[in-house]
Amino acid sequence: MRPNKWLHYATVNRERGMSTAEYAVGTIAACAFAALLFKVVSSPEVQEMLTSLIDRALNTTKE
């Protein structure tokens, strides 16, 4: 295909956005990821690790 024919094809046949079904699947996937992330971050092990990391970051005095 010549470049100008390809450009015409791409311009005429480009997708204009997601359909309703794609929005629904994307929303469900985002919610599932958020729930999984919340579950991981709210676990005691991760909370302890994050607290330790923040304490070390804020502790700027040398002992």
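pLDDT is the predictor's confidence in each residue, from 0 to 100. The structure is a predicted model in which local features need pLDDT of at least 70 and side-chain atom pairs count only at pLDDT 80 or more, while totals for chains, interfaces and linings use all residues. Residues are numbered from 1 along each chain as its sequence is written, and side-chain values use heavy atoms, without hydrogens or water.

**Exercise 1.** State which elements the protein chain contains and which of them has the lowest mean pLDDT.

*Solution.* Begin with the elements: helices (H or I, at least four residues) and strands (E, at least two) are DSSP runs, numbered from the N terminus. The protein chain has three helices and zero strands, in the order α-α-α from the N terminus. Next, take the confidence: the chain has a mean pLDDT of 82, and 73% of its residues reach 70 or more. Helix H1 (residues 3-12) has the lowest mean among the elements, 68, and H2 the highest, 93. Where pLDDT is low, the predicted coordinates should not be read in detail.

**Exercise 2.** Locate the nonpolar patch on the surface and identify the helices that supply it.

*Solution.* First, apply the criterion: patches are made of residues with over 30% relative accessible area and no salt bridge, with like charges joined within 9 Å and nonpolar side chains (Val, Leu, Ile, Met, Phe, Trp, Tyr) within 5 Å. A salt bridge is a side-chain nitrogen of Lys or Arg within 4 Å of a carboxyl oxygen of Asp or Glu. Areas come from the Shrake-Rupley method with a 1.4 Å probe; for residues, only the protein chains shown count as cover. The patch comprises Phe33, Leu36, Leu37, Val40, Val41, Met49, Leu50 and Leu53, with about 750 Å² of accessible area together. Helices H2 (20-41) and H3 (44-58) each supply at least two of its residues; H2 gives the largest share, five.

**Exercise 3.** Determine whether Ser42 and Ser43 are buried or partly exposed.

*Solution.* Use the classes: buried means under 20% relative accessible area, exposed over 50%, partly exposed in between (1.4 Å probe, protein chains only). Ser42, in the loop between H2 and H3, is partly exposed because its relative accessible area is 31%. Ser43, also in the loop between H2 and H3, is buried because its value is 17%. Finally, a polar atom of the Ser42 side chain lies 2.8 Å from the backbone oxygen of Phe38, and the Ser43 side chain reaches the backbone oxygen of Val40 at 2.8 Å.

Terms used:
A polar contact is a pair of N or O atoms within 3.5 Å; within protein, one must be able to donate a hydrogen and the other to accept it, and residues adjacent in sequence count only if both atoms are side-chain atoms.
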